[in-house]
Amino acid sequence: MVLRKIVTILFNLPRSPFGRALDIMIGLLVIFVGYSLISWFTVKAKPSYAVFLPSGIDVIFSLKSLALDPDFWSTLASTFFRIMLSLCATILTGLIIGILLGAHGQIFARLRPAWDFLRSIPPSTLFPLIVLFFGIENQAKIITTFYFATLLYSFGVAEAARSAACNFGPFFRLVGVTRPDWYLRVLLPVVLLKSVSTLKLVVSLTVILMIVCEMFLGAVTGVGGAIMAEAEALRYSKLLALIAVAGFIGYGFNLLFQIIEDIARRRSQ
Amino acid sequence: MMSDICLKLADLTHRYDSRDSPADERIFFNGFSATLRYGAVIGILGLNGSGKSTLLNLLTLKIKPTYGHIRWNRAFFSKGGGGIIIEQGIAPFLLPWLTGNMHRAMLDRSDLGPYIPECTDELLPFLTSLMHKPVFKLSGGERQTLALYLLFGLKWQVGIFDEPLSAIDGNRARTILVHLFAKHLREHPTKTVFMVSHRIDHLIYLCDEIWVLSSIGDIINVVPNPYHRTSGILLGELPEEFIGHLQTQML
């Protein structure tokens, strides 16, 4: 009865962006915890596979010890810094390329097949090529994530700009709005609002790709590098704790952009 | 007096081909010709599928007629040319995240600016309240009202309105028709307007001439309107027999 009451209250929460974010949070937690428990019991049922599997308590203690370790925070900060740098560069470049492409329909139509081809290549497969061009240091990691995220985002922006040009272009062209008004008051807000869902994908891609890139050579700091170091040292509870941290980063970003997307959707109707 | 002529339609015919079935081929307007002077207010009336949208697309030069030609006196439908088109829909040009005042500021800087508010005491309190809210907070009817208010403050010369009052409730639609549309056209007698509507009373009140698109034969019947806004007749007192006459013309 009590459980039913709690569920009823949760399902009747007001549908504000935060209410929806709460729904997502609860939903994801249920899926995550449920999936983890099933996996855990499955693995534990076959002891031969569970030699290196630490207990959940060990992982939680490792998380606690990580939280108390100042080095961990600098590791996290360097990953966060790389992600933010790549994300900012992606948003800026994607907006400029996307709006220019969207505003010129013929160029967009010509580039679309090549764009689709590039999008179909898994980002990590081009990492060796990028290492070849930019080396194995920080630069290569940021460029890899930036390159693929920009590819995705600029295409999303171009589609949004194209639809804005079709929907609003004829009227504002007839009225003869000034060029700054057209770009800053019409096109840019439309594109920002309509490309939030793409931006959410871009953020996920950036987070995943950055942590994967950090696992490769040349990573002195960063969560990805730390995961590899713990794996090599066979400290599995700490390894799982770091993987959970990577998950939290992605989850946090996703939740933030989900709230932004909800607000954007409401304001663009 | 060539400069008085705003629009010439000559032998206008538009054919829609059907690749799948030649039986579905339709020919609209059957060589329709007309000459309009500046200040003409034309209503377009017809059942669904009678060619109203096709006619508007031809008038706004979005499509070319299969035969004949359409000649506007000036390039009204080029950038800042003085033509405006309000296509079917609630208020297609309003940006949901901007307030009415922000739209007004943007339109003020446009080629058809500066913006001169066009309003009467009957509408002023309602419109003032709309101008401060972001568009996404307005209902469909409020958006349409705001869009019309914004448009009537601009220096356009030719206006094409496709069901401009469709989302507005009866009383307010009448108020807008009388105190915004009719007042504006009285004060700017050279503005040319084409208005599509399914509301026959609105068209009779506002338009000098009604082009009725007949579903039989897809032709345009031009019906002169003796009961329009300058005849002194009130919107609620339009003669039933004239409304009936227009309805039979549509069939």
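Asp262(A) sits in helix H11 of chain A, which covers residues 236–267; helices here are DSSP runs of H or I with at least four residues, strands are E runs of at least two, and both are numbered from the N terminus. This is a predicted model, in which local features need pLDDT of at least 70, side-chain atom pairs count only at pLDDT 80 or more, and totals for chains, interfaces and linings use all residues. Residues are numbered from 1 along each chain as its sequence is written, while chains are lettered from A and ligands numbered from 1 in the order in which they are written.

Is Asp262(A) buried, exposed or partly exposed? Asp262(A) is partly exposed because 19 other C-beta atoms lie within 10 Å (20 or more would make a residue buried, 12 or fewer exposed, with C-beta atoms placed from the backbone). From Asp262(A) to Ser62(A) is 200 residues in sequence and 35 Å in space, C-alpha to C-alpha.

Now look at the partner of this helix. H9(A), residues 196–215, packs with H11(A) at an angle of about 170 degrees, their axes 9 Å apart; axes are lines fitted to C-alpha atoms over the stretch in contact, and angles run from 0 to 180 degrees between N-to-C directions. H9(A) is therefore roughly antiparallel to H11(A) (angles over 145 degrees count as such, under 35 as roughly parallel, 65 to 115 as roughly perpendicular and the rest as oblique).

Finally, turn to confidence. Chain B averages a pLDDT of 86, and 97% of the residues score at least 70; pLDDT is the predictor's confidence in each residue, from 0 to 100. For the complex, the predictor gives an ipTM of 0.84 and a pTM of 0.76.
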